[in-house]
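Reader: I should like to discuss the surroundings of a ligand and the interior of the protein that holds it. May we go through the structure step by step?

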Amino acid sequence: MGGVSERSTHVVVIGGGFAGVACARTLTGQPDISVTLLDRNGYHQFQPLLYQVATAEIDPADVSYDLADMFAEHDNVEVRTADVTAVDPQTRTVTLADGGTVTGDVLVLAAGAQANFFGVPGAAQHAYPLYTLDDALRLRERLREVYVEAAAEGPASAGEITFVVVGGGATGVETAGALAELVGTILPRQFEKLALIRSRVVLVDHGHAVLGPFGPGAQAYAAEQLQRRGVRLRLGVTATEVSADHVTLDDGTTVPTRATVWGGGIAAAPLVGACGVGTGRGGRVDVRPDLTVDGHPDVYAAGDAANITGADGLPLPQLASVAQQAGRCVGFNIIAAACGRPRSAFAYHDKGIMAMIGRDAAVAELGARHHELHGRIAFAAWLGIHAYLMADARAETNAFVTWAEEFYLRPGHCPQRLLTPPATTARSAS
Ligand SMILES: Cc1cc2nc3c(=O)[nH]c(=O)nc-3n(C[C@H](O)[C@H](O)[C@H](O)COP(=O)(O)OP(=O)(O)OC[C@H]3O[C@@H](n4cnc5c(N)ncnc54)[C@H](O)[C@@H]3O)c2cc1C
């Protein structure tokens, strides 16, 4: 395997998301450590902005960065595009879809998560999850299809177009807000024929408020802003079935839909459950305070694949900042163990939580005390945090900042056009 595997500790990282990249980055330049970073796509995808790809606000290339490029200057990191199909934690050997195997001295499970449909009939077949770039492009294509058909049919026969978003967490709220803006403001401005078609977005959640982890002030603000954008909230009801053209709710009603977006929850990547290590909530790997897996001192798990306990004894949320900090901690612990030093317990530095509803409307609860902000100032905080997260993956964030300027300063403007196909190539890292 060339130069990298001749070093004394060989680390195999599964997954080039926030956790895997942060871990590999921490290990760059270590003379006695070599890293093989395996990812099925070969690119890092910036999940927090996927809904903007789906709603044609930004280009797919702005949220996907070539992993080989990101580590091109680091000769101790080898990136391989490979789908991992099995993991043996005893021997720290991974099997790849092409039948090959890779064995490390240390293994890092950072394969992330996937949509959890909670067994709702029809959801896996008909709903559109939003966890990968492919998911975002599939949803975008579906929206395009709906409006191309509607434009061809004309307003009289197209009827009212409804989209359902299941899940009132950050993913559902951000998607519903962006979708409402796309179908209510942007498309009618871009295409005269569509101005006469009535479109609406319905957001369904079994809870009685949106944005569950936020405080009541932020929840009320988000609900009001969504409604102001024309989103109809159906709270306190559960989706019991999803079909191609309607969603059934547990109060006995049905909502017609042209596409159902699934923001209903996540479970760890299937690979994680098949490893034979202890898993808990959401199928995630239970980890020790130093992020190693019980009984396997040289196997670590981080990010959405791991159940990590916070200082208050509660599980940490599935957030990019948690994944990034945990990935770094794994990297430092690998270095410590290789040098014969004790490993450290992971301590999460909580920078807060935030969600964007639309132009001028965001909510943020900043810092460990979750100081609440709304509106423009929250939008600015959202922008800063996302630019910071993005900067870990790529050297410059120009495209993101340009998008933010356009978004903020030119209401109603949308640099992308839904009805034209997007450019899809992953960007280079700098
Ligand atoms: C729509 C959406 C919006 C979000 N918004 C925010 C936000 O605003 N702020 C925030 O902090 N967090 C946000 N999150 C959460 C955040 O994106 C995740 O917590 C974070 O991506 C987790 O990082 P990770 O490295 O564990 O997994 P991921 O980033 O999912 O990376 C996992 C990687 O593993 C690879 N992989 C998986 N299985 C295999 C396999 N078998 N073989 C090879 N490779 C494999 C995948 O290709 C992927 O690259 C959002 C998530 C979503 C889905």
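**The ligand shell and the core**

Author: In this predicted model, the shell around the ligand is made up of 13 nonpolar, eleven polar and four charged residues.

Reader: How many residues surround the ligand, and which are the closest?

Author: The count takes residues with a heavy atom within 4 Å of the ligand. It gives 28 residues, and the closest are Ala19, Asp39, Gln47, Val84 and Asp304.

Reader: Which residue places a polar side-chain atom 2.6 Å from an oxygen atom of the ligand?

Author: A polar contact requires a pair of N or O atoms within 3.5 Å. His386 has a polar side-chain atom 3.0 Å from a ligand oxygen, and Leu319 has a backbone N or O atom 3.3 Å from a ligand oxygen. The residue with a polar side-chain atom at 2.6 Å is Asp39.

Reader: What share of the ligand's accessible area does the protein cover?

Author: On its own, the ligand has 1,000 Å² of accessible area. The part covered by the protein is 94%.

Reader: Which element gives the most residues to the shell around the ligand?

Author: Two or more shell residues come from each of α1 (18–27) and α10 (320–338). The element that gives the most, with three residues, is α10.

Reader: Which helix supplies the largest share of the largest nonpolar core?

Author: This core has 127 residues, and Val94 and Ile334 have the most contacts inside it. Domain 1 and domain 2 each contribute at least three residues to the core. The largest share, nine residues, comes from helix α7.

Terms used:
Residues are numbered from 1 along each chain as its sequence is written. This is a predicted model: local features need pLDDT of at least 70, side-chain atom pairs count only at pLDDT 80 or more; totals for chains, interfaces and linings use all residues. Side-chain values use heavy atoms; hydrogens and water are left out. A polar contact is a pair of N or O atoms within 3.5 Å; within protein, one must be able to donate a hydrogen and the other to accept it, and residues adjacent in sequence count only if both atoms are side-chain atoms. Accessible areas come from the Shrake-Rupley method with a 1.4 Å probe; for residues, only the protein chains shown count as cover. Helices (H or I, at least four residues) and strands (E, at least two) are DSSP runs, numbered from the N terminus. Ala, Val, Leu, Ile, Met, Phe, Trp, Tyr, Cys and Pro count as nonpolar, Asp, Glu, Lys and Arg as charged, and the others, Gly among them, as polar. A nonpolar core is a set of buried Ala, Val, Leu, Ile, Met, Phe, Trp, Tyr and Cys residues joined through side-chain atoms within 4.5 Å. Buried means under 20% relative accessible area, exposed over 50%, partly exposed in between (1.4 Å probe, protein chains only). Domain bounds come from an automatic or database domain assignment.
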